[in-house]
Amino acid sequence: MDNIDFIFSAPGKAILHGEHAVVHGKVALAVSLNLRTYLRLKSNSTGKVSLCLPNIHTFMSWDVSSLLPLRPSTLDAVLVQRLHHFTGFPSEMPDTCAMAVLAFLYIYISVFAESRWSKEELELINSWAFQGERVIHGTPSGVDNAVGTWGGILRYHAGTITPLSRVPVLRILLTNTKVPRSTKSLVAGVRDKIKKFPSVMHPVLESISAVSVTCELTLEEIASDPMPEHYAVLEELIDINQHHLQVLGVGHASLDTLCRTTLAHGLHSKLTGAGGGGCGITLLRPEPPSAELKDCGYDCWETSIGVPGVCLHSASSLTEEVAQALNSN
């Protein structure tokens with residue numbers, strides 16, 4: 001094997017607007033975050049494939065010869081079950097480490113079985129990232145892998161993903177309330193509420209969709225000719241969407257604390273994702289209130305949205321922290 005040593009990265013992802021409504025055919029906006037995941041791909045002569053995930057304290061290796069019999073002839077759920085058996089991870093409620101390892105092995109084995117690469121590298125990356133999403137989520141929307149591959153800001157509507165042609169640079173604060181929640185249960189709860197109060201809830205979903213569309217238009221205006229009033233529009237849309245999500249029943253006291261704390265500093269926040277705890281995003285101005293939120297026991301990261309997708313890096317371009325993590329094993 002040729003001596004290879006490549007370093008890749010892909011951005012994080014957050015839902016800007018459209019949570020839950022998107023499940024019911026409405027418009028959502030997903031944004032890439034400049035909180036990147038790095039991958040170092042390095043050849044060796046040991047006959048083993050090794051996986052090192054220092055952030056979640058996972059270091060494992062396998063003989064390549066033991067993986068070859070698992071190669072699938074077609075992509076299906078059977079391989080996932082075989083990998084559960086191979087690794088010893090339980091099929092029910094796997095943790096973060098198990099899901100990451102299973103997704104890696106699924107893609108590694110499947111790509112190993114393919115003898116040639118497509119000329120459309122990004123499409124190939126996106127398609128295999130989607131298979132990793134299938135291992136973790138079962139029936140994913142395709143948004144996460146698309147944002148990780150293409151970056152920027154994506155419009156998602158009824159299964160169609162469309163990138164915004166021009167994307168402004170905006171800073172946000174991503175806050176993890178550390179409150180666990182079940183996306184499946186929250187989605188089911190919203191569905192039940194819609195069935196119970198259809199004439200009340202359907203207009204709420206339509207309004208959430210309208211928020212996404214209005215935000216999309218505002219972002220395009222900012223990218224072409226930014227004006228001070230645009231920022232106020234984005235803040236008001238955040239407030240409207242957060243109130244709508246509360247009506248859907250996916251709020252949480254921890255998210256209320258986030259909104260109150262940031263509003264005291266003139267900043268506007270909303271949940272991102274399923275709700276019920278989890279993470280929230282805050283549109284930033286100078287001097288974000290991350291210190292106060294950390295006093296609440298939350299984790300906070302200041303970052304930007306609309307960043308590039310998957311990237312290839314030289315070792316010299318990495319920060320000291322990233323380089324140290326990649327070289328730790």
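**Close-up views: salt bridges, cavity and pocket**

**View 1. Glu302 is partly exposed, with a relative accessible area of 44% (buried is under 20%, exposed over 50%, partly exposed in between; 1.4 Å probe, protein chains only)**. The model is predicted: local features need pLDDT of at least 70, side-chain atom pairs need 80 or more, and totals for chains, interfaces and linings use all residues. Numbering starts at 1 along each chain as its sequence is written, and side-chain values use heavy atoms, without hydrogens or water. Glu302 meets the side chain of Arg171 in a salt bridge, at 2.2 Å from N to O (Lys or Arg side-chain nitrogen within 4 Å of an Asp or Glu carboxyl oxygen). Glu302 sits in strand 10 (residues 299-305) and Arg171 in strand 7, so the bridge ties together parts 131 residues apart in sequence. Helices (H or I, at least four residues) and strands (E, at least two) are DSSP runs counted from the N terminus. Arg171 is partly exposed too, at 32% relative accessibility.

**View 2. Asp299 pairs with Lys178**. Their side chains form a salt bridge of 3.4 Å, N to O. Asp299 belongs to strand 10, while Lys178 is in the loop between strand 7 and helix 6 (183-196), so parts 121 residues apart in sequence are tied together. Both ends count as partly exposed: Asp299 has 30% relative accessibility, and Lys178 has 48%.

**View 3. Glu206 bridges to Lys26**. The N to O distance between the side chains is 2.5 Å. Helix 7 holds Glu206, and the loop between strand 1 and strand 2 (28-42) holds Lys26. This pair links distant parts of the chain, 180 residues apart. Glu206 is partly exposed, with 44% relative accessible area. Lys26 counts as buried, at 15%. The model has seven salt bridges in total.

**View 4. The largest cavity holds about 80 Å³ of space**. A cavity is a set of points on a 1 Å grid over the protein atoms alone, where a 1.4 Å probe fits but cannot get out; lining residues have an atom within 4 Å of a point. Volume is the space filled by probe spheres on the points, which are joined across faces, edges and corners. The count is one cavity of 30 Å³ or more. Its lining includes Leu16, His17, Leu170 and Ile172. Cys215, Leu219, Leu234 and Ile238 also line the largest cavity. Ile281, Thr282, Leu283 and Ile305 are further lining residues. Two or more residues each come from strand 1, strand 7 (170-176), helix 7 (198-224), helix 8 and strand 9 (279-283). Strand 9 has the largest share, three residues.

**View 5. The second largest pocket offers about 180 Å³ of space**. A pocket is an open set of points with protein on both sides within 12 Å along at least five of seven lines. Helix 8 (228-248), helix 9 (253-263) and strand 8 (268-272) each give two or more residues to the lining of the second largest pocket. Helix 9 gives the most, with five residues. Asp239, Gln242, His243 and Gln246 are among the lining residues. Asp256, Cys259, Arg260, Thr262 and Leu263 also line the second largest pocket. Leu267, His268 and Ser269 belong to the lining as well.
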